[in-house]
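These are my notebook entries on one protein chain, written as I looked things up. I kept to a few places in the fold and took them one at a time.

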Amino acid sequence: MCGASGSWPEAGIPRPGRISPLTGLTAVVAAIVVTTAVGHWSLSLAVLLAAAVATAAARTARRVWSAAALILLPFAASLLLTHGLFFPEGHTVLWAWGPARLTVEGLGFAGAMLLRGAVLVVLLLALSFSIRPADVMALSAKYEVPAQLAFVLCSTLTIAPDISRRAQRIREAQQLRGLHTGTSLPARAASFRALAVPLLLSVMNDAGQRAAALEVRGFGGPAARTSLREVPDSRLQAVFRWTVAAGLPVFLVLWFGPGWGGSAP
């Protein structure tokens with residue numbers, strides 16, 4: 001979310017350098033669209049490797065991939081059950097038990113779907129953990145985006161790192177009080193309830209306080225908003241954004257046009 005009540009969460013957010021949030025968002029959207037359109041495992045894997053390098057350089061790799069694992073592990077399990085064991089077009093049977101048949105074709109389809117979903121999850125999380133909420137709100141004022149819409153966008157993009165920071169603070173407080181929170185899987189499962197309840201209450205309480213603070217400060221008023229914050233940007237980044245915005249529709253038309261889409265592996 002857009003920081004704690006009345007303040008922006010500047011502390012703890014790694015600086016993304018001089019890259020504008022618009023440039024990052026453009027690159028992420030383009031990568032997701034192209035990867036989904038092409039639908040080949042090698043391209044998805046290449047994008048994930050590039051994301052691993054980028055998150056390591058930004059020092060967000062541990063948080064991004066930990067959060068991605070929480071989302072992708074249940075997704076992988078569901079793909080294995082629905083496509084790996086019950087794939088109707090599967091012919092090369094590796095293992096069978098009753099109606100369930102583990103086939104090479106089913107595993108291949110499930111793996112490709114998992115890689116495609118991983119690209120979506122990892123890239124959005126990498127963007128979420130790298131942008132600064134203050135930059136997003138400054139850009140919304142610059143381009144006259146409605147305040148309510150900008151706040152919803154900002155909250156959506158930063159909800160993952162915000163919850164991660166809250167969970168870390170609660171975990172550290174519980175450890176200081178002597179609560180056992182080991183790193184093993186049984187210990188983590190035992191401490192989940194002790195962490196989830198205060199985390200949920202904290203998020204709900206903060207949402208109420210933030211709504212009151214925004215109302216007092218006239219956040220949704222009719223007056224034009226301005227910002228003194230300078231968001232990093234450059235002419236080269238603007239050229240990149242316009243090139244991607246113009247080239248992406250052309251790519252989709254060519255890829256799905258006659259004689260192109262059928263060549264997709």
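Entry 1, a loop residue. I began with Arg59, which I found in the loop between α2 and α3, the latter spanning 61-84. I should record at once that this is a predicted model. The backbone at Arg59 caught my eye, since its phi is positive, about 60°, although the residue is not a glycine. Most residues other than glycine have a negative phi. I then looked up the surroundings of the side chain and noted that Arg59 has a relative accessible area of 74%, so it counts as exposed, the cut-off being over 50%.

Entry 2, another loop with a positive phi. I turned to Glu144, which sits in the loop that links α5 (133-142) with α6 (147-176). For Glu144 I read a phi near 55°, again a positive value in a residue that is not glycine. Is Glu144 buried or exposed? With 71% relative accessibility, Glu144 counts as exposed.

Entry 3, the overall layout. I stepped back to the whole chain and counted eight helices and two strands. Following the sequence from its start, I wrote the order down as α-α-α-β-β-α-α-α-α-α. The protein has 265 residues, and 36% of them count as buried.

Entry 4, the hairpin. I looked up how the strands are arranged, and found that β1 (residues 93-97) and β2 (residues 100-103) run antiparallel and are joined by four bridges. Which residue of β2 is the bridge partner of Val93? I found that Val93 is bridged to Thr103. Between the strands of this hairpin there are two residues, and Gly98 has a positive phi near 65° there.

Entry 5, the salt bridge. My search for salt bridges gave a count of one. Its members are Arg241 and Asp233, whose side chains meet with 3.0 Å from N to O. I checked this against the cut-off: a salt bridge needs a side-chain nitrogen of Lys or Arg within 4 Å of a carboxyl oxygen of Asp or Glu, so the contact of Arg241 with Asp233 qualifies. I also noted how each partner is placed: Arg241 is buried, at a relative accessible area of 12%, whereas Asp233 is partly exposed, at 34%.

Entry 6, aromatic pairs. Going through the whole structure, I found two aromatic pairs. In one of them, the ring centres of Phe251 and Trp255 are 5.9 Å apart and the planes make an angle of 25°, so I entered the pair as stacked. Both Phe251 and Trp255 belong to helix α8, where they are four residues apart, about one turn of the helix. Phe251 is partly exposed at 25% relative accessibility, while Trp255 is buried, with a relative accessible area of 13%.

Entry 7, the second largest pocket. I put its space at about 620 Å³. How many residues line the second largest pocket? I found 24, and those nearest its centre are Ile19, Gly24, Val28, Ala54 and Ser130. Four helices each supply at least two lining residues, namely α1 (21-38), α2 (41-57), α4 (104-130) and α8 (235-256). Helix α1 gives the largest share of this lining, with six residues. Sorted by class, I have 16 nonpolar, seven polar and one charged residues in the lining.

Entry 8, distances across the sequence. I looked up Gln237, which lies in helix α8 and is buried at 12% relative accessibility. Gln237 and Gly24 are 213 residues apart in sequence, yet I read a C-alpha to C-alpha distance of 9.6 Å. I had already entered Gly24 among the residues nearest the centre of the second largest pocket.

I did the same for Phe109, a residue of helix α4 that counts as partly exposed at 34% relative accessibility. Between the C-alpha atoms of Phe109 and Trp41 I read 9.7 Å, and along the chain these residues are 68 apart.

How values were computed
Residues are numbered from 1 along each chain as its sequence is written. This is a predicted model: local features need pLDDT of at least 70, side-chain atom pairs count only at pLDDT 80 or more; totals for chains, interfaces and linings use all residues. Side-chain values use heavy atoms; hydrogens and water are left out. Two strands pair if DSSP finds at least two bridges between them. Buried means under 20% relative accessible area, exposed over 50%, partly exposed in between (1.4 Å probe, protein chains only). On a 1 Å grid over the protein atoms alone, a cavity is a set of points where a 1.4 Å probe fits but cannot get out, and a pocket is an open set with protein on both sides within 12 Å along at least five of seven lines; lining residues have an atom within 4 Å of a point. Grid points are joined across faces, edges and corners, and a volume is the space filled by probe spheres set on the points. Ala, Val, Leu, Ile, Met, Phe, Trp, Tyr, Cys and Pro count as nonpolar, Asp, Glu, Lys and Arg as charged, and the others, Gly among them, as polar. Rings of Phe, Tyr and Trp (its six-membered ring) pair if their centres lie within 6.5 Å; planes under 30 degrees apart count as stacked, over 60 as edge-to-face and the rest as tilted.
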